[in-house]
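Welcome! Take a moment to look through the sequence and the 3D structure, and then read the briefing underneath.

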Amino acid sequence: MEDLFIEEEIEALRLTIEKHNKLYYQDAAPVISDTEYDLLVKRLQALEEQYPQFKVTASPTQAVGSDLAPGSSIRAHKMRMYSLDNGYSFGEIQSFLSRIQKETTTFPVCILEHKFDGFSINLYYENGTLQYATTRGDGYEGEDVTENILTIPSIPRNIAHQLPLEVRGEIYLPIAEFQRINDERSEQGEKPFANPRNAAAGTIKLKDKTIVAQRKLEAVFYSVGMHETELSSQDELLRFLDQLGFPISKNIGHGKSFSDIKNFCNGWETKRGQLPYEIDGIVIKINDMALQQKLGFTSKSPKWAIAYKFKAEEKATILLDVDYQVGRTGAVTPVARLKPVYVSGSTVSNATLHNADEIQRLDLHLGDEVVIIKSGEIIPKIIRVIAEHRDETAVPVKFPASCPVCGTPLEKESGGVVHYCNNIACPAQLQRRIEHFASRDAVDIDGLGEALIRQLLGHRIIGGIADIYSINFAEMAKLENQGEKSIENLKTAIEKSKDQKFHKILFGLGIRYVGAKTARILAQHFGSIKPMMQASKEQFLEIHEIGEKIAQSLVDFFADEHSRELIQRLLDAGVNMTAEVTRKSETLQGKRFLVTGTLTHFTRNGIKEEIEKQGGITVSAVSGKLDYLIVGENPGSKLQKAQKLQRVTILSEEDFLEMIT
Ligand code: AMP
Ligand code: ZN
């Protein structure tokens, strides 16, 4: 039984990693940090090792992440391009070395190189002339990017070497150039790149090489693929490349002992901020090529090299001020305004402080020197204060007693850490509440976003959520940037939103603690708004998933006259407040379900529970008895198998959600 879950977890991990591979390598738009990504891969590796029966050859642990985009021009590599194994601790480096020491009597001398955070590239030369340049692709074949590569001046067109030669390295954007490009993009209203690596990856695949030429890409080389030259060490290889005119790294170390390696890694981890380019670690390579050959490769990376990955970069800067933002539920969040500082790929000038307790924990004073990291390298966070550098006259940061926008005294929920402005008419909350109401997961009014809401509120065309349904469009037409077409579209979107599903409308009301899932449960339980408004706390508590906190919040919300008025006005406008009730237990009762692909609304275990709770049966393979196959993103072979069986109904996650609500 447990094995079933393991198999499921392996498949889920595999699909998740493949999704992130695409985001990273093809779209140059990752949504998780490298560290988080590496953790997923390590978990999958460990499971596959422990349960080899579930290992598949198509696993991302067996292949390099592919950057090949559909429709691009592809060329095969003459020799395969590999990825690199990595470790986040010296323990992992130590075990890497121990494995190698089984093959040698002496300490294996290592070459230590910066791990450039760029985009890998392969150049092919014949008769001393560059023939083409390709990306790593899937490791076997890459995308032809010759035209773009030729815009990089440091890449030699001709070399004094007639034999066929594949040269490998990295293209990257120096930090200064990255910042220049981002400033330019911000000015032109374009979205800035998240970090230099993404910028380089995005640039190299551009169709317009004149734009590529304007971005001053640089290159560094450290490896060869196919070659017909005798090379006996990595040292010699680097000299060979250097002599042919390829840029190589200026910071190469020799590891003759473990402490050499440690010192080089630690040294650069501290100094990396001084480099004009980004590195995310140190690559440790066995120098002796005879030994390299003996060690060979795994299905994905050389066994003679490992990348020591750095921890999230820490930077010190000055706390200039603290702002307090009021969210839609009235929660007040402190935000630190910082002296802009460059950290892990971008310039940071704000960091979240979460709540009043966090300010206390840090013992934050205005003007403090603070240390920040990007947790998961995405959201900046203050981790500590350098109290020794504090000025004697510095004033402690004091969480306000009243709402910074409307002045209402803030209240802290009992036992909680969050302070709330409980004024339902607070203008800051109003803006956020309308944004929330109109958002995709709620009522979904396309076109009614932050800016337009601000504009409509500012001109008093709306004053609250219910006013959306009585907008004076003639007045709106007089506003700036409001063309006939966009007003027509908005009208349609607003009309359409009236028929939105009840649980989404309920979610849109923005009741504290009532998230999308709770709204779904409530809608299903009560069927419509009226009985919910009359329900007692005890009645809410009878619902399995509803606890004390949510129940109290619901009772408070429905007791509030503003909420009641809002609901009445929405009803009057014709907004749907009734769930389409399908007798749940009847639809799923006794039916057999199977899931494939990555789900967005459920975890694998979550959907199982849901199916079973409603009387369905979950099975682990496609068979003649299967009734429904729920298909997520990147479905596996189960889908093809199921499609061949007439009996099986294929459901999207949305279809399934509809079935159960
Ligand atoms: P990954 O992208 O996680 O597969 O890491 C492996 C990649 O690191 C290689 O494909 C190279 O593009 C890159 N890399 C950066 N610097 C070096 C270096 N000094 N030696 C080898 N690979 C490097
Ligand atoms: Zn307020």
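Here is a short tour of a metal site, a sheet, a residue and the cysteines.

This is a predicted model, in which local features need pLDDT of at least 70 and side-chain atom pairs count only at pLDDT 80 or more, while totals for chains, interfaces and linings use all residues. Residues are numbered from 1 along each chain as its sequence is written, chains are lettered from A and ligands numbered from 1 in the order in which they are written, and side-chain values use heavy atoms, leaving out hydrogens and water.

**The zinc site**
- Four sulfur atoms, the SG atoms of C403, C406, C421 and C426, coordinate the zinc ion (ligand 2) at 2.2 to 2.4 Å.
- Donors here are N, O and S atoms within 2.8 Å of the metal (3.2 Å for Na, K and Ca), and sites may look incomplete because water is not among the atoms.
- The site is tetrahedral, with angles of 98 to 116° among its four donor atoms; four donors count as tetrahedral if all angles lie between 85 and 135 degrees.
- Along the sequence, the donor residues follow the spacing C-x2-C-x14-C-x4-C.
- C406 is partly exposed, with a relative accessible area of 26%, whereas C426 is buried at 0%.
- Buried means under 20% relative accessible area, exposed means over 50%, and partly exposed lies in between (1.4 Å probe, protein chains only).

**The five-stranded sheet**
- An open sheet is built from five strands in the order β2-β11-β10-β3-β9, with mixed pairing.
- Strands (E, at least two residues) and helices (H or I, at least four) are DSSP runs, numbered from the N terminus, and two strands pair if DSSP finds at least two bridges between them.
- β2 (86-87) and β9 (253-255) are the edge strands: each has a single partner strand, so one side of each has no neighbour in the sheet.
- β2 pairs with β11 (residues 305-309) in the parallel sense over two bridges, and A307 in β11 is the bridge partner of N86.

**A look at L410**
- L410 lies in strand β17 and is buried, at 12% relative accessibility.
- Leaving aside residues up to four places away in sequence, L410 touches several residues, among them V332, F399, C403 and C421; contact means heavy atoms within 4.5 Å.

**Cysteines without disulfides**
- How many disulfides does the structure hold? It holds zero, where a disulfide is a pair of cysteine sulfur atoms within 2.5 Å.
- For C110, the nearest cysteine sulfur is that of C265, 9.9 Å away.
- C110 is buried, with a relative accessible area of 0%.

Conventions. Four donors count as tetrahedral if all angles lie between 85 and 135 degrees; four count as square planar and six as octahedral if opposite donors are over 155 degrees apart and all others between 65 and 115; anything else is irregular.
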